[in-house]
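Biologist: Please take a close look at one part of this model, the metal site, and describe in one connected account what holds it and how the surrounding elements are arranged.

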Amino acid sequence: MEAVFSSKYYTFFQSDKERCFYIDLGQKVVRLSFCQLLALRQKVSNIRIEDHFDAELNTHGFEILALCNKEHLFILNTLEILDLKELLVGAFAMFEVSLSPVV
Amino acid sequence: MKDIARQSLSIKVECMDLLNNQIKKEAHASATYLAMASWCDQNGFFTGAKFFYKQAEEEREHMMKIFQFVIDAGGNALSPEINGISHEYSSIVDIFENALDHEISVTKSIHNIVMKAREVGDLATEKFLDWFVLEQVEEENTIRDILDMIELTGIEGVGLQIIDGKINDWID
Ligand SMILES: [Fe+2]
Ligand SMILES: [Fe+2]
């Protein structure tokens with residue numbers, strides 16, 4: 001297993017042997033297939049962080065995140081969500097499927 | 001390290017996001033045409049209604065075409081949420097003018113994805129969208145022709161009835 005990218009709180013790993021990914025979220029380590037990773041990326045990028053600063057839209061500033069077809073459930077605060085966003089952007093930037101300028 | 005992400009996904013992930021957005025747009029177009037069909041039916045434009053029912057179906061086919069492409073490329077195709085469908089139209093002219101504006105915004109959105117695909121070297125997405133680029137020219141042209149026909153016919157007297165009948169020429 002190789003570390004691909006680390007943010008402040010979390011680390012993203014890839015396992016060549018198992019052909020999957022792991023995210024160390026502190027409380028536990030989550031194993032993700034590529035499809036599950038895409039779903040997580042989608043979910044996290046859809047979280048509007050501005051809502052956390054609106055007392056009506058998000059009263060407590062927490063997000064409930066169900067991962068891998070409801071296998072895991074996380075409750076993350078504003079800073080943790082921001083960090084998770086950063087982790088996923090950083091990890092995807094390491095892959096060829098992500099935006100890269102044509103030379 | 002292997003690039004498992006690349007082995008799993010044949011298009012750029014940013015293009016996938018834009019394609020998912022386009023799925024939403026096609027679904028929105030389909031729902032909008034359905035609203036227009038409803039208006040036409042309720043206001044006695046029965047051929048107009050037929051035209052828009054068919055348009056609604058076509059837009060859903062567009063949506064499915066993109067959906068299937070995202071799936072085939074190994075991506076995560078998202079079933080769209082649709083909201084903000086207007087049912088308020090002041091006249092048959094208003095309907096077709098709105099339809100034209102809607103098609104133009106879809107065209108722009110498709111061009112935007114093509115430009116992005118080109119920029120990031122995603123040839124598969126770029127080629128896939130070729131069909132849509134040409135389809136949009138046809139769609140815009142159809143609505144434009146109908147608007148011309150409406151103007152030529154005029155809405156005085158039996159004009160509206162004639163207009164409704166003539167819309168049949170664009171239903172194939
Ligand atoms: Fe379309
Ligand atoms: Fe269209």
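Modeller: In this predicted model, the iron ion (ligand 2) has as its protein donors B:Glu59 (OE), B:Glu103 (OE), B:Glu103 (OE) and B:Glu139 (OE), which lie 1.8 to 2.5 Å from the ion. The angles among these four donor atoms run from 55 to 146°, and the site of the iron ion (ligand 2) is irregular. Along the chain, the donors of the iron ion (ligand 2) follow the spacing E-x43-E-x35-E. A neighbouring ion belongs to the picture as well, for the iron ion (ligand 2) and the iron ion (ligand 1) are 3.4 Å apart, with B:Glu59 coordinating both. Distant parts of the chain are linked here, since B:Glu59 sits in helix H3 (residues 46-72) of chain B and B:Glu103 in helix H4 of chain B, 44 residues apart. B:Glu59 has a relative accessibility of 1% and therefore counts as buried, the cut-off being under 20%; B:Glu103, with a relative accessible area of 1%, is buried.

Turning to the helix packing, helix H4 (residues 92-120) of chain B packs with helix H5 (residues 123-153) of chain B at an angle of about 160°, their axes lying 9 Å apart. Because angles over 145 degrees count as roughly antiparallel, H4(B) and H5(B) are described as roughly antiparallel to each other. The crossing of H4(B) and H5(B) is left-handed, and the residues of their contact comprise 17 nonpolar, four polar and seven charged ones.

Note on methods:
Residues numbered from 1 in each chain as written. Chains lettered and ligands numbered in written order. Predicted model: local features only at pLDDT ≥ 70, side-chain atom pairs only at ≥ 80, totals over all residues. Heavy atoms only, no water. Axes fitted to C-alpha atoms, helices over the stretch in contact; angles between N-to-C directions. Helix = DSSP H or I, 4+ residues; strand = E, 2+ residues; numbered from the N terminus. Parallel < 35°, antiparallel > 145°, perpendicular 65-115°, else oblique. Left-handed = near helix turned anticlockwise from the far one by under 90°. Nonpolar A, V, L, I, M, F, W, Y, C, P; charged D, E, K, R; others polar. Donors = N, O, S within 2.8 Å, 3.2 Å for Na, K, Ca; no water. Tetrahedral: all angles 85-135°; square planar, octahedral: opposite > 155°, others 65-115°. Buried < 20%, exposed > 50% of the residue type's maximum accessible area, 1.4 Å probe, protein only.
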